[in-house]
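Please look through the structure shown here with an eye to its charged side chains, and to how they pair with one another.

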Amino acid sequence: MTDEKRKKINGLLVFLIVYIAAFIAGLLSYLLFFNEKMDELLALFLADTVSTVVVFIVGVIVGSASIYDPYWSVQTVFIYIPLMIKYNNFSVGAFIYLFAILFWSVRLTINFIKGFDGLSYIDWRYKMLKEKSGPFYQIVSFTGIHMFPTIVVFLASIPAYLYIMNDMTFEPLNIIGLLIMTFATIIELVSDRDMRKFKEVRTSNKEIINIGLWKYSRHPNYFGEIMFWYGVALTFILSNIGMWYSIIGAILNTLLFIFISVPMEENHLKEYKEGFEEYKKKNVFLPIHLFNR
């Protein structure tokens, strides 16, 4: 076994232990917080926060906020499955919803693992934030890198939690949302494949990807991520129109990508990518023409 592979496996084992500990801490917190006087969604959020804090503390100890990176992809599953057990909700609709979420979660987690090379790995965004924030980095890390995404994903996942908590009956309209979730994940999978293929054939990291879905969109992977959460919301809302406001999480997720993730990544790309201005002429998201440059 090569040193590189050993570092990767050891790092992933640390991740596994950390996430098991975070789940247990969150579960114990939920049992402590929740009672007949407290709203259950609030109790779930507080437990989710405790899990996030555990991941954050470990990140501080090992010196890498990237310990948090997979949390985005497992957070919803960590809450959804225990809710199924608590409410004894093992209906067809609950399982189909779960499978659509798992399809997305597994894809995102595997994509992280493929790019992970050990505990020394640190996302370039975190390095940039550390340089800019200086002595206030840990505050920025906790609020911006950890808690803000946790809040966005929690809000975007609420329709799925409500589906279980309200013991909803599977209806034909639910299929629309489930198809959107599935199609969105497929878009992300295709984008991942195209990116890997490009990295294999490029001659320099200065080149900009121009194959597959990336030929038409600057961020097809982000489009898939945005689309997925609207699917999560619609699966619940289309048979519960009165709770239309539960789509707010999906909207916040969209704003996160449009005003934070995309600008941050493109400011980084323009520093070293050749032909960046031509690249900017592509649509930000595949079917959206409002963001042409």
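Arg 125, a residue that is partly exposed with a relative accessible area of 22%, is a good place to begin in this predicted model. Its partner is Glu 265, and the two form a salt bridge in which the closest N and O atoms are 3.3 Å apart. Because Glu 265 belongs to helix α9 (residues 248-269) while Arg 125 belongs to helix α5 (residues 124-133), this pair ties together parts that are 140 residues apart in sequence. Glu 265 itself counts as buried, since its relative accessibility is 16% and the cut-off for that word is under 20%.

The pair just described is one of 10 salt bridges that the structure holds, and another of them joins the side chains of Asp 194 and Arg 193, with 2.9 Å from N to O. Here the two partners can be told apart by their accessibility: Asp 194 is buried, at 2% relative accessibility, whereas Arg 193 is partly exposed, at 43%.

A further salt bridge is found where the side chains of Lys 281 and Glu 278 meet, the distance from N to O being 3.2 Å. Lys 281, at 48% relative accessibility, counts as partly exposed, while Glu 278 reaches 53% and therefore counts as exposed, because the boundary for that class is over 50%.

Salt bridges can also involve more than a single pair, and which residues are linked in a network of salt bridges? In this structure, they are Arg 107, Glu 188 and Asp 192.

Methods. Residues numbered from 1 in each chain as written. Predicted model: local features only at pLDDT ≥ 70, side-chain atom pairs only at ≥ 80, totals over all residues. Heavy atoms only, no water. Salt bridge = Lys/Arg side-chain N within 4 Å of Asp/Glu carboxyl O. Helix = DSSP H or I, 4+ residues; strand = E, 2+ residues; numbered from the N terminus. Buried < 20%, exposed > 50% of the residue type's maximum accessible area, 1.4 Å probe, protein only.
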